[in-house]
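Subject: A structure for you to look at

Dear colleague,

I am handing over a structure that I have been going through, and below it you will find my notes on what turned up. Please keep the view open while you read, and go through the notes at your own pace.

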Amino acid sequence: MTDPMETDCTKRRSEAMLHSKSTSRLFIYSCKPDGSFSDTQCDGDLCWCVDENGNSVGAMSSKAIRCPPAGMCSLIFICFFIFIFYIS
């Protein structure tokens, strides 16, 4: 039976955690308390912004970055300018 609170983010996170036991290096998704993707995903020191579906938006950074809230990036052109505003 599938958990009704299970989201795409929590599914991906659970699968990655399960596989991480047999793999030394695997990215683990970060989810918000409501189960949606965290706006910022990081793997070690490398961070990037994601949209509401967990897709990478904008550039990656080796420093802490501030990402626009998911849902503000419905058009990639608009998102680019929002991303520039948030990182500056």
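**The hairpin and its disulfide**

In the hairpin formed by β1 and β2, where two residues sit between the strands, Gly44 takes a positive phi near 70°. Strand β1 covers residues 40-43, while strand β2 covers residues 46-50, and the two pair in the antiparallel sense over four bridges. Helices and strands here are DSSP runs, numbered from the N terminus, with at least four residues of H or I for a helix and at least two of E for a strand, and two strands are said to pair if DSSP finds at least two bridges between them.

Before going further, please note that this is a predicted model, in which local features need pLDDT of at least 70 and side-chain atom pairs count only at pLDDT 80 or more, whereas totals for chains, interfaces and linings use all residues. Residues are numbered from 1 along each chain as its sequence is written, and side-chain values use heavy atoms, with hydrogens and water left out.

Within the hairpin, Cys42 stands opposite Cys47 of β2, and these two cysteines also form a disulfide, with their sulfur atoms 2.0 Å apart. A disulfide is here a pair of cysteine sulfur atoms within 2.5 Å. The link of Cys42 and Cys47 is right-handed, with 110° about the S-S bond. Its two ends differ in their surroundings: Cys42 is partly exposed at a relative accessible area of 35%, whereas Cys47 is buried at 7%. For these words, buried means under 20% relative accessible area, exposed means over 50%, and partly exposed lies in between, using a 1.4 Å probe and protein chains only.

**The other disulfide**

How many disulfides does the rule give? The count comes to two, and besides the link in the hairpin there is one between Cys9 and Cys31, whose sulfur atoms are also 2.0 Å apart. The torsion about the S-S bond of Cys9 and Cys31 is about -100°, so this disulfide is left-handed. It links distant parts of the chain, since Cys9 belongs to helix α1 and Cys31 to the loop between α1 and β1, 22 residues apart. Cys9 is buried, at 1% relative accessibility, while Cys31 is partly exposed at 21%.

Helix α1 spans residues 8-20 and also holds Lys11, which counts as partly exposed at 36% relative accessibility. Although Lys11 and Tyr29 are 18 residues apart in sequence, their C-alpha atoms are 9.5 Å apart in space.

**The core and its rings**

Which residues make up the largest nonpolar core? There are six of them, namely Cys9, Phe27, Tyr29, Phe37, Trp48 and Val50. A nonpolar core is a set of buried Ala, Val, Leu, Ile, Met, Phe, Trp, Tyr and Cys residues joined through side-chain atoms within 4.5 Å. In soluble globular proteins, nonpolar side chains tend to be buried together.

Four of these residues, Phe27, Tyr29, Phe37 and Trp48, form one aromatic cluster, and the structure holds three aromatic pairs. Among them, Phe27 and Tyr29 form an edge-to-face pair, 4.8 Å centre to centre with 70° between the planes. The rings of Tyr29 and Phe37 have their centres 5.6 Å apart and their planes at 65°, so this pair is edge-to-face too. Rings of Phe, Tyr and Trp (its six-membered ring) pair if their centres lie within 6.5 Å, and planes under 30 degrees apart count as stacked, over 60 as edge-to-face and the rest as tilted. Phe27 is buried at 18%, and Phe37 is buried at 4%.

Leaving out residues up to four places away in sequence, Val50 touches several others, including Phe37, Ser38 and Val57, where contact means heavy atoms within 4.5 Å. Ser38, in the loop between α1 and β1, is itself buried at 12%, and apart from its neighbours within four places it is in contact with Ser30, Cys31, Lys32 and Val50.

**How far to trust it**

The mean pLDDT of the protein is 75, and 66% of its residues reach 70 or more. Over residues 74-78 the pLDDT is below 50, and beyond near neighbours in sequence this stretch has one contact in the model. pLDDT is the predictor's confidence in each residue, from 0 to 100. Where pLDDT is low, the predicted coordinates should not be read in detail.

With best wishes
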